[in-house]
Amino acid sequence: MGLGYRYKCSECSKKYEVFQGIGMLFPEVYEDTVAKLKNGRFGKAWKELYENTENVAIDAEKRVYLCTSCGYWKNEPGLSLYVADNEEAISDVKNGCPVFYGEDSLPAMMGDMPKYHLLKEHEHKCKKCGGKMKAADDDEMLTLSCPKCGGAPDPENTMYILWD
Ligand SMILES: [Zn+2]
Ligand SMILES: [Zn+2]
């Protein structure tokens with residue numbers, strides 16, 4: 001299940017929305033991301049790394065990335081490459097449904113959860129200014145500027161969307 005946000009610009013009234021996480025259609029999303037990867041959409045280095053590494057998986061989970069310099073944002077998959085470290089992870093990769101959790105979000109004592117290690121981190125670059133982008137935190141999610149005019153979202157009209 002994923003979480004989305006729907007906004008309305010306080011300046012120009014444009015409505016816009018973003019989605020985070022993974023939904024029921026994730027296996028299709030994952031397959032599609034791998035197809036793009038193999039087509040070289042994410043660069044030759046990425047394609048080669050993927051093809052030459054065993055039990056490798058790509059982070060296809062959607063997030064909002066925010067430019068730390070100019071505030072431009074985009075909603076896209078993480079695209080970092082991970083390698084499966086245990087049986088559970090390897091079987092998830094084979095089934096086309098790998099999900100990576102941050103180390104901290106894993107409950108302790110769950111020995112048979114899928115485990116991965118980071119092979120190579122994808123750097124999200126801002127297409128407006130070339131600055132570095134990072135995943136938006138909860139507060140930043142509530143202030144994503146309007147893609148049309150750059151205005152602030154009207155808090156009264158911000159809605160959460162649960163999707164599956
Ligand atoms: Zn606007
Ligand atoms: Zn920027």
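This tour moves through the model element by element, naming what to select and what is found there.

**Before starting**

The model is predicted: local features need pLDDT of at least 70, side-chain atom pairs count only at pLDDT 80 or more, and totals for chains, interfaces and linings use all residues. Residues are numbered from 1 along each chain as its sequence is written, while chains are lettered from A and ligands numbered from 1 in the order in which they are written.

**The whole chain**

Display the protein chain as a cartoon; four helices and nine strands should appear. Helices (H or I, at least four residues) and strands (E, at least two) are DSSP runs, numbered from the N terminus. Their order along the chain is β-β-α-α-β-β-β-β-α-β-β-α-β. Along the principal axes, the C-alpha atoms fill a box of roughly 50 × 35 × 25 Å.

Of the 164 residues, 24% are buried. Here a residue is buried if 20 or more other C-beta atoms lie within 10 Å of its own, exposed if 12 or fewer, and partly exposed in between, with C-beta atoms placed from the backbone. Two residues are in contact if these C-beta atoms lie within 7 Å. Among contacts between residues at least 6 apart in sequence, 68% join residues at least 24 apart.

**Stop 1: strand 1 and its two partners**

Select residues 2-8, which form strand 1, together with residues 159-163, which form strand 9; the two run antiparallel and are joined by five bridges. Strands count as paired if DSSP finds at least two bridges between them. Add strand 2 (residues 15-20), which pairs with strand 1 in the antiparallel sense over six bridges.

Then centre on Gly4. Its bridge partner in strand 9 is Ile161, and its partner in strand 2 is Phe19. In the hairpin of strand 1 and strand 2, six residues lie between the strands, and Ser13 takes a positive phi near 70°.

**Stop 2: helix 1**

Select residues 26-38, which form helix 1. Its 13 residues should span 18 Å at 1.5 Å a residue, and the end C-alpha atoms are 18 Å apart, which agrees; the expected span is 1.5 Å times one less than the number of residues.

Show the side chains of Tyr30, Thr33 and Leu37, the buried residues of helix 1. They cover an arc of only 65° around the axis, so they lie on the same side of helix 1; the arc is that of the directions from the helix axis to the C-beta atoms. An α-helix has 3.6 residues a turn, so residues three or four places apart point the same way. The buried residues of helix 1 pack against helix 2 (44-51), strand 3 and strand 5. On the face turned away from the buried side, look for the exposed residues Glu28 and Ala35. Gly40 follows helix 1 and has a positive phi, near 85°.

**Stop 3: the sheet 3-6-7**

Next, select strands 3, 6 and 7, an open sheet in that order with antiparallel pairing. Strand 3 (56-58) and strand 7 (116-120) stand at the edges with a single partner strand each, so one side of each is left without a neighbour in the sheet. The twist averages 40° from one strand to the next, taken between lines fitted to C-alpha atoms, with angles from 0 to 180 degrees between N-to-C directions. Three bridges pair strand 3 with strand 6 (residues 81-84), and within strand 6 the bridge partner of Ala57 is Tyr82.

**Stop 4: the largest nonpolar core**

Ala57 and Tyr82 also lead into the largest nonpolar core, which has 14 residues; they are among those with the most contacts inside it, as are Ile58, Ala84, Ala89, Val93 and Tyr116. Such a core is a set of buried Ala, Val, Leu, Ile, Met, Phe, Trp, Tyr and Cys residues joined through C-beta atoms within 7 Å. Helix 1, strand 3, strand 6 and helix 3 (87-94) each give two or more residues to this core. The largest share, three residues, comes from strand 6. A second, separate core of 12 residues includes Tyr7, Val64, Cys67 and Trp73.

**Stop 5: Gly78 and the sheet 5-4-8**

Select Gly78, in the loop between strand 5 (73-77) and strand 6. Gly78 is partly exposed, with 19 other C-beta atoms within 10 Å. Beyond residues up to four places away in sequence, Gly78 touches Asp59, Glu61, Arg63 and His122. The C-alpha atoms of Gly78 and His122 are separated by 7.0 Å, although the residues are 44 apart along the chain.

Finally, select strands 5, 4 and 8, an open sheet in that order with antiparallel pairing. Strand 5 and strand 8 (133-135) are the edge strands, each pairing on one side only. Three bridges join strand 4 (residues 62-67) to strand 8, and Leu66 has Lys134 as its bridge partner there.
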